[in-house]
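Student: I am new to this structure. Please take one part and walk me through it closely, then show me what surrounds it.

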Amino acid sequence: TSLPLQQYGFRLNKQEFHDALCLRYDFRIKDAPRHCACGDVFSVEHCLTCKKGGYVALRHNSLRNLTAEVLNEVCVDVGIEPQLLPVDGETLPPGTNTSDGARLDVCARSVWTPLGKAFFDVRVFNPLAKSNQSKTIPAMYRTHEQEKKRMYNQRVIQVEHATFTPLVFSTSGGLGPEADKLLKNLADRISSKRQETYSHVISFLRRRYRFDLLRTSVISLRGHRSISKSHRLKDLDLNLEKVAY
């Protein structure tokens, strides 16, 4: 639970608060549409995974930016979406992402070791999705962490000479072992820097991540997923000098 403190971002309007309670206790969402703009039947499960409207990316980017903000408290050289060095002759295991221009979500120095560089990549999964119905919660986190590591771990180690940590979260507010390890590390360092109690710092960090997950999930329930198709900006040539009058 969190006090509704606007300065910390812990604030919902009355409809968001009601929807949050419905999510928490699996109540029916009041006045929800019958169908999503994509054509599928409306449901909480669908809204959390539907990519129409950009709400999946909104949730991901919110946690990416929050991670960079927290890292910046005690680390240096913090960057968002850093481009990885190209693969040039290194022997990497099958499944590794070797594409030129590949990016990860966040990087920073002095996270695990002094001056050592560390890379992080965020993933948020929906535990209610059909693909997860046969898995336990720990197995879901483990599967997503291992998949991220197969794609990037050896490339980061061999090419970047750095470390890679997958940060896996669930839409229900949970976080994986690797993400929990990072938060504990940062909480310890922030508490030392600010001379604050460790338990207060780690509690705040977990609450902040969970609130961002909650708020972006609630937003996805009622967010607009379609606009008028006439004169979409992406279809217009913005060089007006070419337009014939």
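Tutor: Start with a cysteine. C50 is buried, with a relative accessible area of 8%. C107 is buried too, at 6%. Both values fall under the 20% cut-off, so both residues count as buried. A search of the whole structure finds zero disulfides. Keep in mind that this is a predicted model.

Now the close look: helix α1. This helix runs over residues 14–25. Its 12 residues should span 16 Å at 1.5 Å a residue. The end C-alpha atoms of α1 lie 17 Å apart, which agrees.

Look at the start of α1. There, a side-chain oxygen of N13 comes to within 3.1 Å of the backbone nitrogen of Q15. Now look past the other end. D26 follows α1, and its phi is positive, near 60°.

Next, which side of α1 faces in? Four of its residues are buried: E16, D19, A20 and C22. They cover an arc of only 160° around the axis, which puts them on the same side of α1. The general rule helps here. An α-helix has 3.6 residues a turn, so residues three or four places apart point the same way. The face turned away from the buried side of α1 carries K14 and R24, both exposed. What covers the buried residues? The cover includes α6, residues 198–222.

Follow α6 inward. It supplies at least two residues of the largest nonpolar core, as do α3, β2, β3, β4 and α5. That core has 27 residues. Within it, L71, V111, F120 and F169 touch the most other members. In soluble globular proteins, nonpolar side chains tend to be buried together.

Take F169 as an example. Leaving aside neighbours within four places in sequence, F169 contacts L63, V122, R123, V124, F125, Y141, G174, L175, A179, Y209 and L213. Another core lies apart from the largest one. It has nine residues, among them L84, L104, F119 and Y152.

Finish with α3, one of the contributors to the largest core. α3 has 20 residues. From its first C-alpha to its last, α3 reaches 30 Å, close to the 28 Å expected at 1.5 Å a residue. The buried residues of α3 include L63 and L71. L63 is one of the contacts of F169, and L71 is among the core residues that touch the most other members. Also buried in α3 are Y55, R59, H60, R64, L66, T67, A68, V70 and V74.

Methods. Residues are numbered from 1 along each chain as its sequence is written. This is a predicted model: local features need pLDDT of at least 70, side-chain atom pairs count only at pLDDT 80 or more; totals for chains, interfaces and linings use all residues. Side-chain values use heavy atoms; hydrogens and water are left out. A disulfide is a pair of cysteine sulfur atoms within 2.5 Å. Buried means under 20% relative accessible area, exposed over 50%, partly exposed in between (1.4 Å probe, protein chains only). The expected span of a helix is 1.5 Å times one less than its number of residues. The arc is that of the directions from the helix axis to the C-beta atoms. Contact means heavy atoms within 4.5 Å. A polar contact is a pair of N or O atoms within 3.5 Å; within protein, one must be able to donate a hydrogen and the other to accept it, and residues adjacent in sequence count only if both atoms are side-chain atoms. A nonpolar core is a set of buried Ala, Val, Leu, Ile, Met, Phe, Trp, Tyr and Cys residues joined through side-chain atoms within 4.5 Å.
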